[in-house]
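Visitor: Hi, I'm new to this one. Can you walk me through it?
Guide: Sure. Here it is.

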There are 2 protein chains.
Amino acid sequence: MGLETLRDLLGARFSTGVSERALHGRSEAHFPPLPPDAVAYPENTEDVAAIVRSCAAQSIPVIGWGAGTSLEGHALAPNGGVTVDFSRMNRILEVAQEDMLAVVQPGVTRAALNEELRATGLFFPVDPGANASLGGMAATRASGTTAVRYGTMRANVLALEVVLADGRVIRTGSRAPKSSTGYDLTALFVGSEGTLGLITELTLRLQGQPEAISAAICAFPDMGGAVEAVILTIQSGLPMARIEFVDAANVRAFNAYGGVEMPERPHLMVEFHGSHGAVQEQARAFGEIVAEMGGGAFQWAETPEDRNRLWKLRHNGYYAARALCPNAFPITTDICVPISKLAEAVEETAAEIAASGIPGPILGHVGDGNFHALLLPDKDAPDEIATAKALAGRMAERALRLGGTVSGEHGIGMGKLGYMEAEHGAGWQVMGALKTALDPQNILNPGKLVPQR
Amino acid sequence: MGLETLRDLLGARFSTGVSERALHGRSEAHFPPLPPDAVAYPENTEDVAAIVRSCAAQSIPVIGWGAGTSLEGHALAPNGGVTVDFSRMNRILEVAQEDMLAVVQPGVTRAALNEELRATGLFFPVDPGANASLGGMAATRASGTTAVRYGTMRANVLALEVVLADGRVIRTGSRAPKSSTGYDLTALFVGSEGTLGLITELTLRLQGQPEAISAAICAFPDMGGAVEAVILTIQSGLPMARIEFVDAANVRAFNAYGGVEMPERPHLMVEFHGSHGAVQEQARAFGEIVAEMGGGAFQWAETPEDRNRLWKLRHNGYYAARALCPNAFPITTDICVPISKLAEAVEETAAEIAASGIPGPILGHVGDGNFHALLLPDKDAPDEIATAKALAGRMAERALRLGGTVSGEHGIGMGKLGYMEAEHGAGWQVMGALKTALDPQNILNPGKLVPQR
């Protein structure tokens, strides 16, 4: 059988062991285990190309694996095949301070890159919460808390090296800040979820560490006030570095799981970046909006340690909420709407969840119009699960009705395939045509993103 | 013949007249006339779809036409066919102030949009100089003077409506600020130069008009000082709204053509946007860098009228330089390099041009590492033309050697096809495969951008 070729090629860096396969058949979401037939651990681009060539010759599926933090089953192996685990391709190849860019292998995590950058005065801004791999973040077009200021992976990936479905290696983009030389292949591969090629190197834009950083939380008497404060803030053009909403149920989870004692009310968690003067000016302007909307006093996180604690709390929101209902079948949602429709989207969603009786804390990157309800039906109650799925479906419909999108940042994977036609219409068939053009055998991450053949 | 079908369809909005064809066979650059067989003037998306369906049924080429300001022959008709002139699709369909976006037809020019926005407190930032159509700007991924602050069309197009090669109409993107739902079709069509589809509607991001705007020029004793000042400015993270370099030869042209009296030395032309305090702070910080690099005092453009005059001077740089040598065969160049390589790129280029004896004023959007030499060989001197072409070729090679790109903003069209393989390698074949997937008959703008079959 064909897998023997890969064993000859990779030796100990190839495994068909049950436990390795099982590890790569799990995800953080509700999908049943879907393990691959084997796991490969390439150490360089040539390894990846050789793996793909071998699999192409035998029509074996190839699935990329970063840090395993995806929430839509992107890295599962519904058709079996070989999972390419990039954990050994975790070198930072270059930090070009003068050009404010870094060249990394796909297995580098965002935390590892920022640790390396600490002494340079630069940082990589995209922060999805999980300590994801940068290759995985590019593949799902990740964003998170700071996208409102610094953009998503779309804006922060400058160039890529990609192994195509036939094993050819291409480079997209350049180190120049912009280019008009043909189709934007970088943008095409960012967000393609491993279905068009495997990313083997990334050139990333870096940002200067701001002179001053200031973070704070503040409580609101009701959800409406908090959301309206966000809308006013964005429309006033305040360059917020972060502006996150958490509802009262999330605060309850933070209190239980994060060891804090916050009032069980909706909160905004915010951060300002800039010169000392600019940060003060922004904080003052934001404070006026908060006061107008009935929000309480800011609790400032003054030191870097306090700030880290604050954002760790936020980043663990998913796990904290899950811990509320340990017997739940968690269904994540991820809609994103125009900012003018944010209040309508959040409030309708909250009302429907409340009426359903199913726990469903809401939090999100509301500065981008993006929020999540984590629906937590009992895993032993099929009717609750069906109700939760219907709630998620209505959220998606709501996003589309309001001019938005069914996924702001988690991506499609297997979990959101059912919404693609509704969102893109004939555009989804165009995606399928592009997929067929670049991967005619459909070996790259089959079962994800595109119409299934 | 098939064109009769279109005449029946469009009536007076269809012409095969010699003068209309000739008008649409010309460009602002050095290409020989390449007129289409006919010109169509659609008034809505359904017209465009009908034109494309009719042409597809008969394998007739279809070429989009915006304002005719492209510099690489994008809208010429080397294979004949029907030019689709979007000048009657020039309506601003919606300005959504709360969401800071505008929905426009492709024939709207950037000046017309900004005129419409004047009272709203918003503006559309991308400014390539020419009063191009927004559809054309998207199709060539245009940028210009303000991209250093606000990004190129890549960053400022949120969603599109596109007519495909078979006449199907798709919508890409949404009104949400971000999305992770599949391949980034918006980014694929932006910069595709009409080879994958015809853009029939654009949703554009708008910016808040800054509280304060301040513009200035300053002279430098030499090119090196000016370029080093730019590099330091960008590396220091100063959020320049514009930072343009013009060399002494351009200043000579400005003086002759623009009715100004500037010292014939290299200049930087800059603009600051922000709050009153921020603009002052930026101007002070930039002033320190200028002084350190030996630059002279700022001449401020205080009023909006003075500012408009200053940028009009810059925008007319191309025409002013051409007026220097009325008998020239103008060859535009457009390389873009990483900021750390800008001095090397500009100085090597200037030295080679000087050694050649051919006039070649240099100017550019240097904050992005992007600059142009306008080479002006005598049109009756084939050896000068050959020398100029060789200079342009060496500039392209230099850009690639320094990690840059052969076109920062003008695009490929017919003019830069010869550099695509060198820049993209196998990636160019990938572009060809995408083209074949979406336009198997090769009717959309044949002869441009992709490998020719």
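Guide: Let's start with one residue, Leu113(A). Leaving out residues up to four places away in sequence, Leu113(A) touches Ile92(A), Ala102(A), Val104(A), Val108(A), Phe124(A) and Leu134(A). Keep in mind that this is a predicted model.

Visitor: Where does Leu113(A) sit?
Guide: In helix H4 of chain A, residues 110-117.

Visitor: Is Leu113(A) buried or exposed?
Guide: Partly exposed. Leu113(A) has 19 other C-beta atoms within 10 Å, and a residue needs 20 or more to count as buried.

Visitor: What separates Leu113(A) from Arg171(A) in space?
Guide: Their C-alpha atoms are 22 Å apart. Along the chain, the two are 58 residues apart.

Visitor: New topic. Which domains does chain A have?
Guide: Domain 1 covers 1-209 + 412-453. Domain 2 is 210-312, and domain 3 is 325-409.

Visitor: How many residues link domain 1 and domain 2 of chain A?
Guide: On the domain 1 side, 5 residues are in contact with 8 residues of domain 2. Those domain 1 residues split into 1 nonpolar, 3 polar and 1 charged. The C-alpha centres of the two domains of chain A lie 33 Å apart.

Visitor: Now the two chains. How many residues does each put into the contact?
Guide: Chain B gives 67 residues and chain A gives 67 residues.

Visitor: Which parts of chain B supply that side?
Guide: Six elements of chain B supply at least two residues each: helix H7 (153-156), strand E9 (169-173), helix H8 (185-189), helix H11 (276-292), helix H16 (417-424) and helix H17 (426-438). H17(B) has the largest share, with 9 residues.

Visitor: And what classes of residue are on that side of chain B?
Guide: There are 26 nonpolar, 29 polar and 12 charged residues on the side of chain B that touches chain A.

Visitor: Let's pick a helix. What about H9 in chain B?
Guide: H9(B) runs over residues 223-235, which is 13 residues. From first C-alpha to last, H9(B) reaches 19 Å, close to the 18 Å expected at 1.5 Å a residue.

Visitor: Which residues of H9(B) are buried?
Guide: Gly225(B), Ala226(B), Val227(B), Ala229(B), Val230(B), Ile231(B), Thr233(B) and Ile234(B).

Visitor: What do they pack against?
Guide: Two strands and two helices of chain B: strand E13 (242-246), strand E14 (267-274), H11 and helix H14 (342-356).

Visitor: What follows H9(B)?
Guide: Gly237(B), with a positive phi near 80 degrees.

Visitor: Back to H11(B). How do H9(B) and H11(B) cross?
Guide: Their axes come within 9 Å and cross at roughly 145 degrees. The crossing of H9(B) and H11(B) is right-handed. Ala229(B), Leu232(B) and Thr233(B) of H9(B) meet Phe286(B), Ile289(B) and Val290(B) of H11(B). That contact has 5 nonpolar residues, 1 polar and no charged.

Visitor: And what happens with H9 and H11 in chain A?
Guide: The axes of H9(A) and H11(A) come within 9 Å and cross at roughly 145 degrees. This crossing is right-handed. On H9(A), the contact uses Ala229(A), Leu232(A) and Thr233(A); on H11(A), Phe286(A), Ile289(A) and Val290(A).

Visitor: What is unusual about the phi of Arg141(A)?
Guide: The phi is positive, about 50 degrees, although Arg141(A) is not a glycine. Most residues other than glycine have a negative phi.

Visitor: Where is Arg141(A) found?
Guide: In the loop between helix H5 (134-139) and helix H6 (147-150) of chain A. Arg141(A) counts as buried because 29 other C-beta atoms lie within 10 Å.

Visitor: And what about Arg141(B)?
Guide: Arg141(B) also has a positive phi of about 50 degrees without being a glycine. Arg141(B) lies in the loop between H5 (134-139) and H6 (147-150) of chain B. With 28 C-beta neighbours inside 10 Å, Arg141(B) is buried.

Visitor: One last residue. What does Gly317(B) touch?
Guide: Val246(B), Asn250(B) and Leu363(B), not counting residues up to four places away in sequence. Gly317(B) is in helix H13 of chain B, residues 317-324.

Visitor: Why is Gly317(B) called buried?
Guide: Because 24 other C-beta atoms lie within 10 Å of Gly317(B).

Note on methods:
Residues numbered from 1 in each chain as written. Chains lettered and ligands numbered in written order. Predicted model: local features only at pLDDT ≥ 70, side-chain atom pairs only at ≥ 80, totals over all residues. Contact = placed C-beta atoms within 7 Å. Helix = DSSP H or I, 4+ residues; strand = E, 2+ residues; numbered from the N terminus. Nonpolar A, V, L, I, M, F, W, Y, C, P; charged D, E, K, R; others polar. Expected span 1.5 Å × (residues − 1). Buried ≥ 20, exposed ≤ 12 C-beta atoms within 10 Å, placed from the backbone. Domains from an automatic or database assignment. Axes fitted to C-alpha atoms, helices over the stretch in contact; angles between N-to-C directions. Left-handed = near helix turned anticlockwise from the far one by under 90°.
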